[in-house]
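Here are my notes on the model you sent round. They are set out as numbered points, so that you can check each against the coordinates.

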Amino acid sequence: MLIKIRYPFALSAVLAVFFISASPLQADTLPSAKIVAEEQVVTEHRAQINGERFRYRATTGTQPVFNEAGDAIAALHYTYYQRLEVKEPHNRPLLISFNGGPGSASVWMHIAYTGPKSLRVDDEGFPIMPYGVKDNPYSVLDVADIVFVNPVNTGYSRVLPGADGKMPSRDEQQKMFFGVNADVKYLADWVNTFVTRNERWRSPKYLIGESYGTTRVSGLALELQNRQWMYLNGVILVSPTDIGIERDGPVKAANRLPYFAAAAWYHKALSADLQSKDLLELLPEVERFTLDEYLPALAKGAMLSAADKQRIAEHVAKYSGLKVTEVLRSNLDISTQYFWKELLRDRGQTVGRLDSRYLGIDAKDVGERPDYNSELTSWLHSFTPAINYYLREELGYKTDVKYNMFGPVHPWDRSNDNTGANLRQAMAQNPYLNVLIQSGYYDGATNYFDAKYNMWHIDPSGKMADRISFKGYRSGHMMYLRNEDLRLSNEDVRQFIKATVPAPGVAAKYDAKE
């Protein structure tokens with residue numbers, strides 16, 4: 001294993017030996033943009049976080065995924081942050097972080113959310129130049145060490161050739177890596193190796209996932225317990241997917257309305273009486289209408305009377321900022337794509353999918369959907385140069401392998417997605433395990449009311465309701481891009497970690513009921 005150690009505060013450079021050859025390079029010595037199966041670059045830094053000054057170590061590199069025969073079949077790139085000069089570091093919480101896609105690198109939460117650096121954007125999350133990162137005074141590194149993991153084909157992570165030097169076929173790769181259950185299985189193995197090598201078995205452990213990463217960590221919770229015998233203290237679901245919980249048909253359609261109302265309120269597209277209310281005053285009103293009237297109306301379908309259909313359409317139009325005629329023409333079921341195109345059509349603008357605060361302009365104002373996702377282009381504008389600069393120039397990890405913001409992982413096998421049920425089973429088996437859900441009100445892809453629906457249906461019995469909590473923010477899918485929500489969301493994670501590390505001697509058990 002190659003280990004490079006670099007100390008930014010010393011005058012010494014990276015320890016290395018360089019050989020210069022005057023003879024022509026042979027074919028087998030030509031440079032190649034291939035990942036190294038196992039290497040590390042270690043740097044040390046200083047931070048001021050949550051009012052505390054301290055030193056921390058950053059380890060970035062690759063660690064193999066091993067098959068059952070013990071052969072390395074992939075190299076996963078990761079970055080691991082450890083606070084230094086800590087008493088009993090083995091008892092310090094460990095936060096294991098995944099992003100989603102599937103096919104997305106860990107870049108998003110790494111350099112914009114919980115890590116010691118945050119993205120250089122304005123206070124609302126829009127791109128500014130020069131690109132790069134800045135110190136993150138709200139990071140949770142003060143209370144937990146953090147490792148950011150890139151699944152296969154994301155970031156610098158790649159599949160490795162077999163013992164015969166040949167790459168596995170695409171079908172073989174899909175069976176090994178690219179599906180709901182394959183993904184969970186190999187990542188659980190990788191986490192076990194990481195925890196063992198870094199001597200973190202005694203640490204309270206937490207998983208955090210964003211978007212599809214919530215499917216990933218929900219499945220990992222049970223996989224780690226049942227196959228690795230590794231028990232967690234918490235799972236954090238940031239902008240969750242459906243995690244295998246069915247919500248099709250009328251539920252799927254109805255659950256969009258509170259998000260529509262939030263986005264319309266933000267763009268001042270509602271009536272004066274609704275605009276005069278604060279967002280958090282308006283949303284409970286819309287949620288009640290959604291559950292008590294809109295959902296039952298959608299369920300009735302053709303059996304709904306004309307008078308009731310008109311009445312419901314008028315309320316939906318009032319709360320969504322759309323025209324009554326458009327709601328009626330949609331049979332009360334408005335698609336998100338149509339909403340993004342229609343809400344500000346008269347202004348000649350579209351709204352973003354993952355964060356509807358972002359605006360776009362289309363070639364034509366007619367049509368059923370925007371030409372592009374205005375928020376995603378803005379984010380890639382900022383994140384791509386920042387992560388490439390940060391890993392290479394600040395953390396010293398140098399490679400010719402391309403950093404995949406989004407990697408080739410499709411087709412993705414989504415069959416047998418029982419991750420929500422698996423999370424519930426993991427919680428039932430482990431009284432220490434708690435869940436925190438975080439959502440942005442302006443997220444139209446994984447909307448906040450769907451996240452609440454998840455919370456209600458992870459455990460329909462309600463027996464573990466006190467171990468599942470929800471936090472909402474006045475931003476979108478990546479709520480942490482808005483500076484105020486970067487502070488709030490990190491503080492919510494910090495308090496969640498503190499609250500779920502039990503006091504010494506407190507047993508993991510259910511008390512008998514009388």
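1. Which residues of β11 are buried on one side, and which on the other? On one side they are G234, I236 and V238, and on the other V235 and L237, so that both faces of the strand are covered. The strand spans residues 234-238, and five of its five residues are buried. Please keep in mind throughout that this is a predicted model.

2. On confidence, the mean pLDDT of the protein is 93, and 94% of the residues score at least 70. The stretch to set aside is residues 6-27, where pLDDT stays under 50. For that stretch the model has 21 contacts beyond four places in sequence. Where pLDDT is low, the predicted coordinates should not be read in detail.

3. β11 has a parallel partner in strand β10 (residues 205-210), to which five bridges join it. Within this pairing, G209 has L237 of β11 as its bridge partner. Between β10 and β11 the chain passes through helix α4 (residues 212-227), and this β-α-β crossover is right-handed.

4. β11 is also joined to strand β14 (residues 434-440), again by five bridges and in parallel. Here G234 has N434 of β14 as its bridge partner. G234 is itself among the buried residues of β11.

5. β14 is largely enclosed by the rest of the structure, because seven of its seven residues are buried. One side carries N434, L436, Q438 and G440, and the other V435, I437 and S439; both faces are covered.

6. From β14 the pairing continues to strand β15 (residues 468-473), with six bridges and a parallel course. G440 of β14 stands opposite Y473 in β15. A right-handed β-α-β unit is made by β14, α14 and β15.

7. Helix α14 also takes part in a long-range charged pair. D450 and R247 form a salt bridge, with 3.4 Å between the closest N and O atoms. D450 sits in α14 (residues 448-458) and R247 in the loop between β11 and α5 (250-254), so far as sequence goes 203 residues apart. Is each partner buried or exposed? D450 has a relative accessibility of 8% and R247 one of 11%; because the cut-off for buried is under 20%, both count as buried.

8. A search of the whole structure gives 32 salt bridges. Side chains of opposite charge can pair when their charged atoms come close. One of the pairs is E285 with K277, at 2.5 Å from N to O. E285 counts as buried at 18% relative accessibility, whereas K277 counts as partly exposed at 23%. The two values fall on either side of the 20% limit, which is why the labels differ.

9. Another of the pairs is local to one helix. E484 and R487 meet in a salt bridge of 2.5 Å, N to O. Both lie in helix α15 (residues 483-500), three residues apart, which is about one turn of the helix. E484 is partly exposed at 34% relative accessibility, and R487 is partly exposed at 33%.

10. Salt bridges also link a network of residues, made up of E124, D355, R357, R482 and D485.

11. Turning to the rings, the structure holds 27 aromatic pairs. One of them is Y80 with F194, an edge-to-face pair with 4.9 Å between centres and 80 degrees between planes. Y80 lies in strand β4 (residues 72-83) and F194 in helix α3 (residues 180-197), so this pair ties together parts 114 residues apart in sequence. Both rings belong to buried residues: Y80 has a relative accessible area of 1%, and F194 one of 2%.

12. F194 has a further aromatic partner in W190. This pair is stacked, at 5.5 Å centre to centre and 10 degrees between the planes. W190 and F194 are four residues apart in helix α3, so about one helical turn separates them. W190 counts as buried, at 1% relative accessibility.

13. Finally, one aromatic cluster is formed by F177, F178, Y186, Y212 and W412.

Note on methods:
Residues are numbered from 1 along each chain as its sequence is written. Side-chain values use heavy atoms; hydrogens and water are left out. Buried means under 20% relative accessible area, exposed over 50%, partly exposed in between (1.4 Å probe, protein chains only). Helices (H or I, at least four residues) and strands (E, at least two) are DSSP runs, numbered from the N terminus. Two strands pair if DSSP finds at least two bridges between them. A crossover is right-handed if, with the strands pointing away from the viewer, the path from the first strand over the helix to the second runs clockwise. A salt bridge is a side-chain nitrogen of Lys or Arg within 4 Å of a carboxyl oxygen of Asp or Glu. pLDDT is the predictor's confidence in each residue, from 0 to 100. Contact means heavy atoms within 4.5 Å. Rings of Phe, Tyr and Trp (its six-membered ring) pair if their centres lie within 6.5 Å; planes under 30 degrees apart count as stacked, over 60 as edge-to-face and the rest as tilted.
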